[in-house]
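Me: I am new to protein structure and should like a close look at one part of this model. Could you take me through the hairpin near the end of the chain and its surroundings, and explain each term as it arises?

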Amino acid sequence: MVAQAKHGRLRPSLLSHTFNMRGKIAMPTPDNSCGNFINVALSHFTADDETKVQLHDFVDRVYNGIKNMVSDCARVSSDDELFVMAEKIRIETIKAFTRSEMDLYMFNSWCRMPVYQADFGWGKPGWVSGLYVPGVEMVFLVDTKDGDGIEAWVSLEEDTMLLFQENPDIKAFTGLELQYHQY
């Protein structure tokens, strides 16, 4: 809906969702491995989807994109295969990002990760927040500190954010007034 308001028409879009590959590949991963070990699942949407894709269809498509990528990861048995898979996805994402006729939305979820238990020597965090990347339409999901909810940090360009905040579906779903912070 926001894309239609912004561009005057619906456009194809690509949803990119980052996921943790630990425990999802056939290759052994050392127990003491550290750092990002992630891959990206992609879900494609066409301009025609807007009229026929309901929320449950959208969720199914994203779930299937992640499920298919996890299945592909499970078949990886060498470093070379892993590199080729990751590079193929990276190239597809970059092409989508640079293609002016396609919208790219990046999702990252830290839900069910013990981020509030991390202590790097100065105590556990009081609050974990999202990341702003200029020019990237991004949604960052993280559990609330009490574990009873999920915060969604939505990073959009200013004109897109203003449309997003006024969308009646977003207002109805969140049940809260959205806060806009310009960085």
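Reply: The answer below begins with the hairpin of β4 and β5 and then turns to what surrounds it.

This is a predicted model, in which local features need pLDDT of at least 70 and side-chain atom pairs count only at pLDDT 80 or more, while totals for chains, interfaces and linings use all residues. Residues are numbered from 1 along each chain as its sequence is written, and side-chain values use heavy atoms, with hydrogens and water left out.

Helices (H or I, at least four residues) and strands (E, at least two) are DSSP runs, numbered from the N terminus. Two strands are said to pair if DSSP finds at least two bridges between them. Strands β4 and β5 run antiparallel and are joined by six bridges. One of the residues taking part is Val142, whose bridge partner in β5 is Glu151. Between the two strands of this hairpin lie six residues, and Gly147 takes a positive phi near 80° there.

A positive phi also occurs at Arg112, with a value of about 65°, although Arg112 is not a glycine. Arg112 belongs to the loop between β3 and β4. With 80% relative accessibility, Arg112 counts as exposed. The terms are set by relative accessible area: under 20% is buried, over 50% is exposed, and partly exposed is in between (1.4 Å probe, protein chains only).

The aromatic residues come next. Rings of Phe, Tyr and Trp (for Trp, the six-membered ring) form a pair if their centres lie within 6.5 Å; planes under 30 degrees apart count as stacked, those over 60 as edge-to-face, and the rest as tilted. Three aromatic pairs are found when the whole structure is searched. Trp110 and Phe140 form an edge-to-face pair, with 5.0 Å from centre to centre and 75° between the planes. This pair links distant parts of the chain, since Trp110 is in the loop between β3 and β4 whereas Phe140 is in strand β4, 30 residues apart. Trp110 is partly exposed because its relative accessibility is 32%, whereas Phe140 is buried because its value is 4%.

Trp127 and Trp153 also pair: their ring centres are 5.5 Å apart and their planes stand at 45°, so this pair is tilted. Trp127 is located in the loop between β3 and β4 and Trp153 in strand β5 (residues 150–155), so the pair ties together parts that are 26 residues apart in sequence. Trp127 has a relative accessible area of 56% and is therefore exposed. Trp153, at 24% relative accessibility, counts as partly exposed.

The next topic is the nonpolar cores. A nonpolar core is a set of buried Ala, Val, Leu, Ile, Met, Phe, Trp, Tyr and Cys residues joined through side-chain atoms within 4.5 Å. The largest such core has 18 residues, and those with the most contacts inside it are Met21, Met69 and Cys73. At least two residues of this core come from each of β1, β2, α3 and α4. Helix α4 gives the most to the core, namely four residues. A second, separate core has five residues, among them Tyr116, Val128, Phe140 and Val142. Two names in this second core return from above: Phe140, which pairs with Trp110, and Val142, the bridge partner of Glu151.

Finally, helix α5 (residues 158–166) has Thr160, Met161, Phe164 and Gln165 buried. Viewed down the axis of α5, these buried residues fall within an arc of 135°, so they line one face of the helix. The arc is that of the directions from the helix axis to the C-beta atoms. Both strands of the hairpin, β4 and β5, are included in what covers the buried residues of α5, as are α1 (2–7) and α6 (168–174). Contact here means heavy atoms within 4.5 Å.

Met161 offers a closing example from this helix. Its relative accessible area is 8%, which means that Met161 is buried. The C-alpha atoms of Met161 and Glu137 are separated by 9.7 Å, although these two residues are 24 residues apart along the chain.
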